[in-house]
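Open the model in your viewer and keep the sequence panel beside it. The stops below each begin with something to select.

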Amino acid sequence: MPKIEVSRQDLFSQACIDDPGDEKLADILSLVKGEIDSSEGDCLKLELNDTNRPDLWCVEGVARAIRCWNAGAQRHLEELPEPDMEIFVDSGLEKVRPYVAAFAACGWAPGQKELDALIDVQEKLAASFGKNRKTAGAGFYRLDDIEFPVRYRAASPETSFIPLGFEKEMTLSEILEETETGRTYAHLLEGKDLWPLLEDIGGNVLSFPPVLNSQTTGRVSAGDSRLFCEVTGTEWETVQLSATILACNLQDRGAEIFPIRINYPEPYPVKTVVTPILFSDLMTASMESIREVLGAPISPESVQKALQRMDYASVEFDRIGITGIMPPYRRDGIHAVDMIEDIVISLGLSSFEPLLPEQFTLGKCAPIEDLADAARILLAGAGCEEILRPVLTSRAKIKDATRTPNNPVSIANPMTAEYGVVRNTLLPGLLEVESTSAHAAYPHRIFETGEVLTVGEDGNCRTEILLACLVCGNKADFGDAHSIIGSLCHSRAIGLSLADADDDRFIPGRCAVITIDGRDSGVIGELHPAVLDNWGISRPASAFEIALSALKG
Amino acid sequence: MTEERDLHPLEEKLLVYLEEHGESSDKEIIERSDLPDEGSFRRAAEWLLSRELVREASRDEEEFVELGPLGIANLEAGVTPELAMLREVAGGAGSLQDIQKNTVFDRGRWGSAFGSLMKTGHLIKDASGIHLSCGPQETVFQKVWDLVYEPLADGGELKMARLPEDVVLIINDRSPKRGKSRAEFTVNVVVTRVLDITEKGSVALRAAKESVTIGAITPEILADGSWRHAKFRRYQLDIPPSQIHTGRLHPYRQFLDTVRKRFMALGFTEMRGSLAENEFWNNDALFMPQFHPARDIHDVYFLSDGIKVPPPERELEERVAEVHENGGNTGGRGWGYSFSREQSLQTILRSQGTALSARTLASNPDIPGKYFGIARCFRYDQVDSTHLPDFFQVEGIVLGEQINLRHLLGLLKLFAEEIAGASDYKFLPGYFPFTEPSVEMHIFHPVLGWVEGGGAGLFRPEVCLPLGIDVPVIAWGLGLDRMAMLAMGIEDIRDLITPDLTKLRGIRVQPDRLLTGKEDENA
């Protein structure tokens, strides 16, 4: 979940409300699916839960939602002037970093704090939404230092300019090798022969996206009231949406937005695009479908008002239903239900009276769980203590320490070897209990019923429920485990028989395959001293493990 | 009025001895009476004293001194630090630093010897250094050596009463009750008590001798009917019972059992699933785009090559792929990317219980229907006091023609009240990729305040339609580990699955108390 840090004072002044206090604010934040993470003095940390709403990952976005809910829609980025600035994209970037969006913002001069906040939003967008600048990354410049048109071209690694924060010219490859930012993002350009470069008609380099701006044109200071903003990246939609969000933020701050025409070469599917783009996603829902989801009568006028408070650019209704146009900074509306949720949020969940489903349904236990319950109760009655162990464990515990014949399924990307496999047997878990419980009063009779993962010959894996039981104490022997499985089978009127078996886990001659009603169902034996030794267990032990389903009878 | 308790056999033995021998010390009784051991004697004596059948005729306390660990070290050195220091000064040493050059004792012991000699006035310090106020031979420390160390050279103890007063003062000062391992002396108190039978005791003994009382009832007593003419000895009933380790179900499993029972009582059918899933069922069928961050290699465990889960039917898979790519027949526009079949079939460990719901929806469920399942899920986290390698989630769906948002809220209200036992809760808009609208419930816990009580929503049409469901479906899910910790009173999540039997035996079992600790009214 994205977390952001905002200034209280900034948030409430932009939201046009008085500071409501944290408790009230928590309620208000439900508008943006947000929560207060921490609140200290002027500094508020917010957690935003909607991963599809990058527009909300900044103070401007949260403030905008509150402001519009109180004052109605604000029609962002409508009626922009005709573009009189242009960017030309050269061929050669299609496979490198194909897309660019840009605009100018004039008339708002950020102070140092506001400028820091602006840079912060740009970084946050590039980091989370833009996948660490891969799919999209943005940059700000002083507009007046740039001579239009600007070229977005594929440049040789030997091209050089003075990068931001440095004094001497460096080649692009030197930047990747010698600067910290360069090393951080070098992997984005790995394997490419030519790298992206923005430069103006006068040959001045603006930046080497997505790595570093130039020291001469790419530096913005507090008080600069004429800004140029560009976003480049590998995903069309991410690039466009990032630019649109930044433009809306600057417009909210008081800047006038001037669009820029982007000219693409062959073989791009589009020739020219004016950015920032207004996606203006249009959604239609019938009043009936809205009422069906809401479970409440609601008038078209109320729906219209609710959506206007969510900053919908336009909301109309006719006989067919409601047609809404989402605000330009959002692209998360992919189905009418998304608009319906906005209606719900706008009206507030507390305005809906909870109702119980009226239709009758039967409550039923899963049959295998019924069986597990029966076995567990019998075992507890036999004086056994139930154990619960994790499903993830290590190969060393299953194979090396316990000498289990079958191999467990491995995890391809384990976090640690300690949890590197999925268990295929419960016995190692019980042995681990013994190895850590020498100080607990004996004798120990312990058991677990639990899921394991096994693999069939066709490579398909199966989740199975096993039942394992272990007795450990000074006098524990084969008979202890045998009498427990014996009484279990007796209680369930199941025929039990044993057939000698060889199994490294157990002492030869004291190990058997358990046959229940004629089917091989598990194994029983006295644990081999070598196994006990591996686990550091200093008392004899016997155990059995069966497929739970065998107890069905 | 309660009847006077009969004499316990041990009590009777003690009274018999005192009746015969008159006033006797504890030691005599322990050595000569029929009482089996010292413990039995002490218990019988306590009981009888409290019932005034026996009285304390006299009580003497005598103190004995023996050498403590430091004393023994001094003995081995052949001198105490104080005496050694006095001799050093007599021999011309003028400062503590000079004396500390002698390594018979460490600097600390020299330091404390210096302190006590200053305190007793045996040493005087002035501008020219330190001096003796009298000869070493005349000091109390020489007396201590002669009267205590010498006689105890071969071990044993000395009666304190026979020692001169100034020596006793030194001993008392250096025999702390605590920190005996650093003590120079140990003082032991020996109590000599003399007991005698009282008038009341003689009466009780006579009464006991005249009647037959039965202690343990034996099959013989039952068979021969001798109990008909006998008295039953009255037992003392409020003594602590001896402990037994019962077989018992695991506290967390009992908690899960309670959750299961409550859902079944509300008309839910239990679902079961698989630990391993392909991404299709875990994510794709739930309309989570293949580029969703929660599907990243750092969030999900992938199983090693060659391990498979059977693929979904081809037609179903195509419907789901289409919905991802362009919305299919759902009326939406989809995520707008190219769906990868290869990714869809990758085998992973189930990361969310919702996979169970997806499979249930695809297998012709009852309509109307209510389903729940408790599923072990896996997420890529470092194991610590708040994260386990796998965790339990309860998950479920409710389907029906008339289902809507208000039913969703009603169901959550029911969970809060009936499953969690909460008296206060609130609903907040939430976000889940597979539901719209989405709701999060927060529950008020009396100690912790607001805690998460689960997420829910109406499944998106992009989830339901490809799976063949054309009625609204409520879906909800809740992690149970944290709720169990609250109910079980544990603070480290790893204790839920502890391999330590002692710890496990110490975890309370109160499955009828769920999240808020409210007791089941029917319990």
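Start at A:Leu77, which is buried, with a relative accessible area of 2%; buried means under 20% relative accessible area, exposed over 50%, and partly exposed in between (1.4 Å probe, protein chains only). A:Leu77 sits in the loop between α3 and β4 (86-89) of chain A. Helices (H or I, at least four residues) and strands (E, at least two) are DSSP runs, numbered from the N terminus. Check the backbone here: phi of A:Leu77 is near 60°, a positive value in a residue other than glycine.

Before moving on, note that this is a predicted model, in which local features need pLDDT of at least 70 and side-chain atom pairs count only at pLDDT 80 or more, while totals for chains, interfaces and linings use all residues. Residues are numbered from 1 along each chain as its sequence is written, chains are lettered from A and ligands numbered from 1 in the order in which they are written, and side-chain values use heavy atoms, with hydrogens and water left out.

**Other backbone stops in chain A**

Select A:Asn132 next, in the loop between α4 (112-129) and β6 (137-142) of chain A. Phi of A:Asn132 is near 55°, again a positive value in a residue other than glycine. Is A:Asn132 buried or partly exposed? At 46% relative accessibility, A:Asn132 counts as partly exposed.

Go to A:Pro267, in the loop between β14 (256-263) and β15 (272-275) of chain A. The peptide bond that leads into A:Pro267 from A:Glu266 is cis, with omega near 0°.

Then select A:Gly223, in the loop between β12 (212-213) and β13 (226-233) of chain A. A:Gly223 has a relative accessible area of 45% and is partly exposed. Leaving out residues up to four places away in sequence, A:Gly223 touches A:Ala109 and A:Pro110, where contact means heavy atoms within 4.5 Å. Add A:Leu115 to the selection: A:Gly223 and A:Leu115 are 108 residues apart in sequence, and their C-alpha atoms are 8.8 Å apart in space.

**Strand β15 of chain B**

Switch to chain B and select residues 435-445, strand β15. Of its 11 residues, 10 are buried, so the strand is largely enclosed by the rest of the structure. Which strands pair with β15(B)? Strand β14 (residues 425-429) of chain B pairs with β15(B) in the antiparallel sense over five bridges, and strand β16 (residues 449-459) of chain B pairs with β15(B) in the antiparallel sense over eight bridges. Two strands pair if DSSP finds at least two bridges between them.

For the β14(B) pairing, show B:Phe427, whose bridge partner in β15(B) is B:Met441. For the β16(B) pairing, show B:Val439, whose bridge partner in β16(B) is B:Ala456. A hairpin of five residues joins β14(B) to β15(B), and a hairpin of three residues joins β15(B) to β16(B). While in β15 of chain B, select B:Pro437: the peptide bond from B:Glu436 to B:Pro437 is cis, with omega near -5°.

**Where the chains meet**

A:Asn49 leads from chain A to chain B. This residue lies in the loop between β3 (43-48) and α3 (59-71) of chain A. A:Asn49 is buried, at 5% relative accessible area. Beyond residues up to four places away in sequence, A:Asn49 touches A:Met1, A:Lys33, A:Glu35, B:Tyr431 and B:Glu440. With A:Glu35 there is a polar contact, side chain to side chain, at 3.1 Å. A polar contact is a pair of N or O atoms within 3.5 Å; within protein, one must be able to donate a hydrogen and the other to accept it, and residues adjacent in sequence count only if both atoms are side-chain atoms.

Now show the whole interface. The contact takes 92 residues from chain B and 87 residues from chain A. Chain B and chain A bury about 7700 Å² between them, 58% of it on carbon and sulfur atoms; buried area is the accessible area (1.4 Å probe) that two parts lose on being put together, summed over both.

There are eight salt bridges between chain B and chain A, each a side-chain nitrogen of Lys or Arg within 4 Å of a carboxyl oxygen of Asp or Glu. One to display is A:Asp338 with B:Arg460, whose closest N and O atoms are 2.8 Å apart. Finish with helix α17 (residues 405-419) of chain B, which gives the most to the side of chain B that touches chain A, with eight residues.
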